Amino acid sequence: MINFEEELKKFHPSLEVEEIEDAIYNQDVTDLADMLVKFVKEAKEAKKERTEEQKDVLL
């Protein structure tokens with residue numbers, strides 16, 4: 001009969017799996033939500049700059 005406890009003690013994951021895991025977790029992936037946050041932030045900054053420029057023109 002198979003002794004699962006002994007077999008689990010012998011188990012060592014292959015290096016390939018560990019390398020793939022590192023590659024996946026260390027990858028900087030920009031998703032749609034990240035892009036939207038960036039665009040909204042840039043739009044707010046641009047609007048603020050335009051508002052400040054308009055105030056300078058009025059003075």
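The legends below describe close-up views of a predicted model.

**View 1. Salt bridges within helix H1 (residues 4-10).** Lysine 9 pairs with glutamate 6, their closest N and O atoms lying 3.7 Å apart. These two residues are three positions apart in the helix, about one turn. Lysine 9 is exposed at 61% relative accessibility, whereas glutamate 6 is partly exposed at 37%. A salt bridge also joins the side chains of glutamate 7 and lysine 10, at 3.6 Å from N to O. Glutamate 7 and lysine 10 are likewise three residues apart in helix H1, about one helical turn. Glutamate 7 is partly exposed, with a relative accessible area of 39%, and lysine 10 is exposed, with 55%.

**View 2. Negative surface patch.** Glu16, Glu18, Glu19, Glu21 and Asp22 form this patch. Glutamate 16 belongs to helix H2 (residues 15-25) and is exposed, with a relative accessible area of 58%.

**View 3. Nonpolar surface patch.** Leu32, Met35, Leu36 and Phe39 make a patch of about 410 Å². Methionine 35 lies in helix H3 (residues 32-58) and is partly exposed at 36% relative accessible area.

**View 4. Salt bridge within helix H3.** The side chains of lysine 38 and glutamate 42 meet at 4.0 Å, N to O. Four residues, about one helical turn, separate the two in the helix. Lysine 38 is partly exposed at 49% relative accessibility, as is glutamate 42 at 39%.

**View 5. Aspartate 56 in helix H3.** Aspartate 56 is exposed, with 57% relative accessibility. Its C-alpha atom is 60 Å from that of valine 17, and the two residues are 39 apart along the chain.

Note on methods
Residues numbered from 1 in each chain as written. Predicted model: local features only at pLDDT ≥ 70, side-chain atom pairs only at ≥ 80, totals over all residues. Heavy atoms only, no water. Patch = residues over 30% accessible without salt bridge, like charges linked within 9 Å, V, L, I, M, F, W, Y side chains within 5 Å. Areas by Shrake-Rupley, 256 points an atom, 1.4 Å probe, with all protein chains shown as cover. Buried < 20%, exposed > 50% of the residue type's maximum accessible area, 1.4 Å probe, protein only. Lys, Arg positive; Asp, Glu negative; His and termini not counted. Charge placed at Lys NZ, Arg CZ, Asp CG, Glu CD.
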